[in-house]
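Trainee: I should like to understand the terms used to describe this model. May I put some questions to you once it is displayed?

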Amino acid sequence: MKTMLRTTAMMLALVMSGSLLAQDCELTIDSNDQMKYDKDELTVSSECSEVTLTLTHSGRMSVEQMGHNWVLAESGDVQAIARDGISAGLENEYLKPGDERVIAATEQIGGGESTTITFSLEGLEPGGSYEFFCSFPGHVAMMRGDFIIE
Ligand code: CO
């Protein structure tokens with residue numbers, strides 16, 4: 001009986017630490033018709049083998065009018081990725097096809113929609129300078145934040 005109790009307690013501890021870890025590796029961010037994200041920074045642990053990010057758009061405007069995505073890149077690449085994405089068009093999520101500077105990116109969404117991606121932190125430096133932004137033409141000025149790997 002004693003052994004069983006101990007085993008149960010250990011299993012419970014494992015399940016709890018597992019769910020805590022999973023929670024730390026799951027990010028959510030909202031966007032809206034005011035061309036804004038609801039967060040200006042996101043933090044993840046470098047121990048996350050995978051990060052799951054969900055972008056929601058709580059506005060009402062269409063993807064053609066007020067499209068938003070979530071693109072992760074090194075800070076120094078953000079402006080160039082955004083500039084090169086303009087001519088790529090909505091059919092390419094306003095990202096140059098095959099742009100190797102893009103670490104991770106969601107599709108473009110409109111009001112009422114949401115999208116989720118999973119990506120690896122492999123090769124990224126804890127404490128490095130990373131940012132997320134929206135590549136819809138002109139939105140990078142308003143929609144940009146820090147992505148912190150602890
Ligand atoms: Co946008």
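Trainee: What percentage of the 150 residues in the protein is made up of buried residues?

Mentor: Buried residues account for 40% of the 150 residues. Buried means under 20% relative accessible area, exposed over 50%, and partly exposed in between (1.4 Å probe, protein chains only). This is a predicted model, in which local features need pLDDT of at least 70 and side-chain atom pairs count only at pLDDT 80 or more, while totals for chains, interfaces and linings use all residues. Residues are numbered from 1 along each chain as its sequence is written, and side-chain values use heavy atoms, with hydrogens and water left out.

Trainee: Why are G67 and H139 called buried?

Mentor: The relative accessible area of G67 is 0% and that of H139 is 3%. Both G67 and H139 therefore fall under the 20% limit.

Trainee: What makes an atom a donor of the cobalt ion, and which protein atoms are its donors?

Mentor: Donors are N, O and S atoms within 2.8 Å of the metal (3.2 Å for Na, K and Ca); water is not among the atoms, so sites may look incomplete. The protein donors are G67 (O), H68 (ND1), C134 (SG) and H139 (ND1), at 2.1 to 2.5 Å from the cobalt ion, so they satisfy the 2.8 Å limit. Along the chain, their spacing is G-H-x65-C-x4-H. G67 lies in the loop between α2 (63-66) and β4 (71-74), and H139, 72 residues apart from it, in the loop between β7 (130-133) and β8 (144-149). Here helices (H or I, at least four residues) and strands (E, at least two) are DSSP runs, numbered from the N terminus.

Trainee: Why is the site of the cobalt ion called irregular?

Mentor: Four donors count as tetrahedral if all angles lie between 85 and 135 degrees; four count as square planar and six as octahedral if opposite donors are over 155 degrees apart and all others between 65 and 115; anything else is irregular. The angles among the four donor atoms are 79 to 131°. The value of 79° falls outside the tetrahedral range, and 131° does not meet the square planar limits, so the site is irregular.

Trainee: What makes β2 and β5 edge strands?

Mentor: The open sheet of five strands has the order β2-β8-β7-β4-β5, with mixed pairing. Two strands pair if DSSP finds at least two bridges between them. β2 (41-44) and β5 (104-105) each have a single partner strand, so one side of each lacks a neighbour in the sheet.

Trainee: How do you know that β2 pairs with β8?

Mentor: Four bridges join these parallel strands, so the requirement of at least two is met.
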